[in-house]
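Here is a friendly note to keep beside you as you look through this structure for the first time. Each numbered point takes up one place to visit.

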Amino acid sequence: MTGYYDELETRDPEERTKALASALPQAIRDARKAPAIADLLGDIDAEAITSVAALATLPLIRKAELSAAQRTSPPFGGFTTRPAAEFEHIFQSPGPIYEPGRSGGDWWRMGRFLHAAGVGSGDIVHNCFSYHLTPAGMMFEAGARAVHASVLPAGTGQVDLQVRAAADIGTTVYAGTPDFLKVILDRADELDVTLGFRRAVVGGGALFPALRRTYADRGITTLQCYATADLGSIAYETDAMEGMIVDEGVVVEIVRPGTGDPVGEGEVGEVVVTTLNADYPLIRFATGDLSAVMPGISPCGRTNTRIRGWMGRADQTTKIKGMFVRPEQVAALVARHPEIARARVIADREDDMDTLLVQLESPGGVIDAYAASVADTLKLRGRVEVVAPGSLPNDGLVIEDRRRYEA
């Protein structure tokens, strides 16, 4: 695959700035059609928001506010410009948080990433993102359609069937979380089955350097994107392998955690994203993720801003096994069992896979009942450990990430 997805990727930065001067006021005008965002914006003059600096004067939208609004005004909390029945899809992510989806075009803008990863006509994408409730499967399917690739809607689990389908169909591209590809490859080795994956496009979790090397040793080029159910594609890797290029359909700011104030180039801060999506025009949506702007232009020739990728969380919400775990979910777990005083969710790594340990302060209890509550509230399974009351650290943490991201 050669060339660029379109001429937007290689624009002179000044040309992009001029285009933004028109796009931002339109985004504000669109946002005013969403009742909840109109309330947040108040009497702000849309025509005055013509630059990233002007955008930075607007209030942030946080996921907690979105969640609260959805509880009082379901399903979207007034953050969309059209009613729920006018969207082809309605998704539910853990929280729960509800997100809209459209089937026309590349609504989540994933095609740009897949093109940069070398995916196109003639490829068959083995799509292992979930098609159940959450939008990731549809996001990558829409992106594959945009680059004229075929799709096997594989979803998650059923590893033996995944191996059989990949071999029989001849899928050439893996799409899914970084860890699950290794599960498929290892099982194929056990079954003495040869698979034809040449590329992998991954998201939903950290791509650790050692795992990328493992895939490269097997002839699989692996690139990752940074995307969310709310915002679609935010940034993506290219073959230059130097940071992530910001998608052309969003505006990214890096702000000091806990504020909306932009930080300087190279300084780590919270990622704040404004979408140029007339259906779901989130303005200054605070992701809770940490990153930093990189200086200069990518060697691949794309001229948009580069960020260093995911560098951790500005809050305790943590992505484990491709799913977000939020402090409010931990609180819901504790509330189910009056004898539990406190809980701590611990994310770690073992054999290149995410692991989950849930420690519960309790004088006793039935482990199986606790494990069932963990699966129901966190939407993940993991090891449950009962510890003595008062033994967990008094540091305010309910979610601890022990994973290390060095090579």
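1. Let us begin with Thr228. Apart from neighbours within four places in sequence, Thr228 is in contact with Met139 and Ile234. Thr228 belongs to strand β8. Is Thr228 buried or exposed? Its relative accessible area is 11%, and the limit for calling a residue buried is under 20%, so Thr228 counts as buried. Please keep in mind throughout that this is a predicted model.

2. Next, the sheet around that strand. Nine strands make up an open sheet, and their order is β5-β4-β6-β7-β8-β9-β10-β15-β14, with mixed pairing. At its edges are β5 (150-153) and β14 (293-294), each of which pairs on one side only. Within the sheet, β9 (residues 232-236) and β10 (residues 244-246) run antiparallel and are joined by two bridges. If you would like a position to look for there, Ala235 stands opposite Val246 in β10.

3. Now for a helix that packs on this sheet. Helix α6 (residues 136-146) touches β4 (124-127), β5, β6 (173-176), β7 (199-202), β8 (221-228) and β9. The direction of α6 makes about 175° with that of β4. How many of the eleven residues of α6 are buried? Eight are, so the helix is largely enclosed by the rest of the structure. The buried residues are Gly137, Met138, Met139, Phe140, Glu141, Ala142, Gly143 and Ala144. Met139, on this list, is also a contact of Thr228. Just after α6, His148 has a positive phi of about 65°.

4. The nonpolar cores deserve a visit too. In soluble globular proteins, nonpolar side chains tend to be buried together. Here the largest nonpolar core has 66 residues, and those touching the most other members are Phe79, Phe113, Val119, Phe140 and Val252. Phe140 is also among the buried residues of α6. Setting aside neighbours within four places in sequence, Phe79 has contacts that include Ala34, Ile37, Leu40, Ile61, Leu66 and Tyr280. There is also a second, separate core of 18 residues, with Ala166, Phe180, Ala188 and Leu211 among them.

5. Which residues are linked by ring pairs into a cluster? They are Phe76, Phe87, Phe91, Trp107 and Trp108. A search of the whole structure finds seven aromatic pairs. In one of these, the rings of Phe76 and Phe87 have centres 5.7 Å apart and planes at 80°, so the pair is edge-to-face. Phe76 and Phe87 are eleven residues apart, both in the loop between α4 (63-72) and β2 (89-93). Phe76 is buried at 4% relative accessibility, and Phe87 is buried with a relative accessible area of 6%.

6. Stay with Phe87 a little longer. Phe87 also forms an edge-to-face pair with Trp107, at 6.4 Å centre to centre and 75° between the planes. Trp107 is in the loop between β3 (97-101) and α5 (111-116), whereas Phe87 is in the loop between α4 and β2, so this pair ties together parts that are 20 residues apart in sequence. Both Phe87 and Trp107 are buried.

7. Arg284 is worth a look as well. Where is Arg284? It sits in the loop between β12 (269-275) and β13 (285-291). With 1% relative accessibility, Arg284 counts as buried. Its side chain reaches the backbone oxygen of Ala56 at 3.1 Å. Leaving out residues up to four places away in sequence, Arg284 touches several others, including Leu55, Pro59, Ile61, Glu253, Gly260 and Thr274. Ile61 also appears among the contacts of Phe79.

8. Finally, there is an open sheet of four strands. The order is β20-β19-β18-β21, and the pairing is mixed. β20 (383-387) and β21 (399-401) each have a single partner strand, so one side of each is left without a neighbour in the sheet. Direction ignored, neighbouring strands are turned by 20° against each other on average. β19 (residues 353-361) runs parallel to β20, and five bridges join them. One bridge partner to find is Val384 in β20, opposite Val358. Helix α11 (residues 367-378) lies across β18 (342-350), β19 and β20, at about 125° to β20.

Notes:
Residues numbered from 1 in each chain as written. Predicted model: local features only at pLDDT ≥ 70, side-chain atom pairs only at ≥ 80, totals over all residues. Heavy atoms only, no water. Core = buried A, V, L, I, M, F, W, Y, C linked by side-chain atoms within 4.5 Å. Buried < 20%, exposed > 50% of the residue type's maximum accessible area, 1.4 Å probe, protein only. Contact = heavy atoms within 4.5 Å. Polar contact = N/O pair within 3.5 Å; in protein donor to acceptor, adjacent residues only side chain to side chain. Phe/Tyr/Trp six-rings, centres within 6.5 Å; stacked < 30°, edge-to-face > 60°. Pairing = 2+ DSSP bridges. Axes fitted to C-alpha atoms, helices over the stretch in contact; angles between N-to-C directions.
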